[in-house]
Amino acid sequence: DFKVGRGGLADIDFLLQMIQIREGHTRPAFRVPGTRRLLEGLPETGFLTGPEVDELRRAHGFLRSLETFARMETDTNTSAVAADPARFEVLGRRLGLADPAADALVETFGRETELVRGIYRNVVGRL
């Protein structure tokens, strides 16, 4: 589940919203609607390091692309992909991943969501 699963889009959204709550009341630069827009110009904060911001940007882009292609594939408003190697292969190819695309998709998804979850834990500890 790329939306609400561990390390998914909801983790990124929640994390950034918590930082906005902590910083936004005194720093107007944090009062930006939308996760993508906030990530594009995230002001410096002691809650996130520069490398963490870069990793969140990349992970967010990957997960949003996966979401878009999964929705195109099923023609539904989906937030998860069934564990079907054939579907993984199609999605992996659409994402431009190396062959075998299904394996690359599983590997990339696991790496990105674990990374997001690690940043999530670290930032929550800082908050």
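Buried here means under 20% relative accessible area and exposed means over 50%, with partly exposed in between. Keep those cut-offs in mind for the close-ups below, which come from a predicted model.

**View 1. An aromatic pair joins helix α1 to helix α5.** The structure holds 1 aromatic pair. The partners are F14 and Y120, and their rings are tilted, at 6.2 Å centre to centre with 40° between the planes. F14 sits in α1 and Y120 in α5, so this pair ties together parts that are 106 residues apart in sequence. F14 has a relative accessible area of 39%, so it counts as partly exposed. Y120, at 16%, is buried.

**View 2. Helix α1 and what its buried residues pack against.** This helix covers residues 9-24. At 1.5 Å a residue, its 16 residues should span 22 Å, and the end C-alpha atoms are 21 Å apart, which agrees. Look for the buried residues L9, D11, I12, D13, L15, L16, I19, Q20, E23 and G24. Those buried residues pack against α2 (35-40), α3 (50-74) and α5 (101-126).

**View 3. Helix α3, end to end.** Here we have 25 residues reaching 36 Å from the first C-alpha to the last, close to the 36 Å expected at 1.5 Å a residue. The buried residues of α3 are E52, V53, L56, A59, H60, F62, L63, L66, E67 and A70. What covers them includes α1, α2, α4 (85-94) and α5. Just past the helix comes D75, which has a positive phi, near 55°.

**View 4. E52 and R126 meet in a salt bridge.** The structure holds 11 salt bridges, and in this one the side chains of E52 and R126 come together at 2.8 Å, N to O. The pair links distant parts of the chain, with E52 in helix α3 and R126 in helix α5, 74 residues apart. How buried or exposed are the two partners? E52 has a relative accessible area of 7%, so it is buried. R126 comes out at 34%, so it is partly exposed.

**View 5. R58 and E112 form another salt bridge.** Their side chains meet at 3.0 Å, N to O. R58 belongs to α3 and E112 to α5, so the pair ties together parts that are 54 residues apart in sequence. On the α3 side, R58 is partly exposed, with a relative accessible area of 43%. On the α5 side, E112 is down at 3% relative accessibility, so it counts as buried.

**View 6. A salt bridge within helix α5, between E107 and R111.** The side chains of E107 and R111 meet at 3.6 Å, N to O. Both residues lie in α5, 4 residues apart, about one turn of the helix. E107 is exposed, with a relative accessible area of 53%, while R111 is partly exposed at 43%. Elsewhere, salt bridges that share partners join R64, E67 and R71 into one network. If E67 rings a bell, that's from View 3, where E67 is among the buried residues of α3.

Definitions and conventions:
Residues numbered from 1 in each chain as written. Predicted model: local features only at pLDDT ≥ 70, side-chain atom pairs only at ≥ 80, totals over all residues. Heavy atoms only, no water. Helix = DSSP H or I, 4+ residues; strand = E, 2+ residues; numbered from the N terminus. Expected span 1.5 Å × (residues − 1). Buried < 20%, exposed > 50% of the residue type's maximum accessible area, 1.4 Å probe, protein only. Contact = heavy atoms within 4.5 Å. Salt bridge = Lys/Arg side-chain N within 4 Å of Asp/Glu carboxyl O. Phe/Tyr/Trp six-rings, centres within 6.5 Å; stacked < 30°, edge-to-face > 60°.
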